[in-house]
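Work through the exercises below with the structure open. Each task is followed by its solution.

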Amino acid sequence: MPSSFQLDRLTPFFMLLGLGPSWMLLDGVFSELAIFDRTQPEGLALATYLTAVSALANTIVVPGHAAAQRRLKWKSRIWVGAAVYASVAAAVTLALFWDYSVGGASLALYAAVFLASLAGNAQQLALNPWAAETGRARRIVELMAGGNAGALLPAGLAMSQRDARLRRQFGPGPFFA
């Protein structure tokens with residue numbers, strides 16, 4: 001039986017779209033923990049706090065999405081756009097304010113992790129349903145491949161920071177930009 005999956009000229013674009021609402025940014029935050037642990041007031045406890053913030057976002061996103069959808073009745077493409085914008089907003093927040101803290105709390109990191117977690121969940125709540133309802137169900141594998149391949153980018157960037165010369169010039173601000 002021949003496979004119905006074929007690569008075509010649109011495949012890279014769907015893979016790129018899959019990066020928007022994905023877990024890439026959250027992977028990036030946890031890739032930078034070695035720096036954050038030394039620079040943020042929470043120290044080694046920061047990973048626990050960030051995990052708790054992500055867990056909170058992951059707990060409320062499904063019922064929150066369902067309630068919002070009942071009220072707003074947005075088309076799935078609107079949800080996809082909102083998820084992409086949430087990822088961009090989280091990345092900008094991290095790039096500009098990663099080291100900002102108030103009263104011993106890294107508020108920018110907490111806000112960005114919350115947004116990144118919401119956006120990561122949007123892969124299943126918005127992006128894949130959009131592909132299915134617009135007749136692009138065969139593109140779901142490309143969207144997922146793009147989102148999952150996105151985890152390699154922050155890992156590769158974090159590995160490049162191991163070089164002391166690069167680390168001085170390439171800290172968390174440029175990492176998230």
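The exercises treat the nonpolar cores and one helix of this predicted model.

**Exercise 1.** Identify which residues of the largest nonpolar core touch the most other members, and which elements supply the core.

Solution. Start with the members: the core has 23 residues, and those touching the most other members are Leu25, Val29, Phe36, Leu46, Leu50, Leu94 and Phe176. Next, assign elements: two or more residues come from each of H2 (24-31), H3 (33-39), H4 (46-72), H5 (76-97), H6 (107-133) and H10 (172-176). H6 gives the largest share, five residues.

**Exercise 2.** List what phenylalanine 176 touches, leaving out residues up to four places away in sequence.

Solution. With heavy atoms within 4.5 Å as the cut-off, the partners of Phe176 are Leu25, Gly28, Val29, Glu32, Phe36, Ala91, Leu94 and Ala95.

**Exercise 3.** Check the length of H6 against the expected span, then locate its bend.

Solution. H6 has 27 residues, so at 1.5 Å a residue it should span 39 Å. Its end C-alpha atoms lie 38 Å apart, which agrees. The bend is at alanine 122 and amounts to about 50°. After H6 comes glycine 135, with a positive phi near 75°.

**Exercise 4.** Describe how H6 and H7 cross, and name the residues that meet.

Solution. Take the axes: those of H6 and H7 (residues 140-149) come within 9 Å and cross at roughly 150°. The crossing is right-handed. Then take the contacts: from H6, Gln123, Gln124, Leu127, Asn128, Ala131 and Ala132 meet Ile140, Leu143, Met144 and Gly147 of H7.

Technical notes:
Residues numbered from 1 in each chain as written. Predicted model: local features only at pLDDT ≥ 70, side-chain atom pairs only at ≥ 80, totals over all residues. Heavy atoms only, no water. Core = buried A, V, L, I, M, F, W, Y, C linked by side-chain atoms within 4.5 Å. Buried < 20%, exposed > 50% of the residue type's maximum accessible area, 1.4 Å probe, protein only. Helix = DSSP H or I, 4+ residues; strand = E, 2+ residues; numbered from the N terminus. Expected span 1.5 Å × (residues − 1). Bend = angle between axes of the 7 residues up to and from the residue. Axes fitted to C-alpha atoms, helices over the stretch in contact; angles between N-to-C directions. Left-handed = near helix turned anticlockwise from the far one by under 90°.
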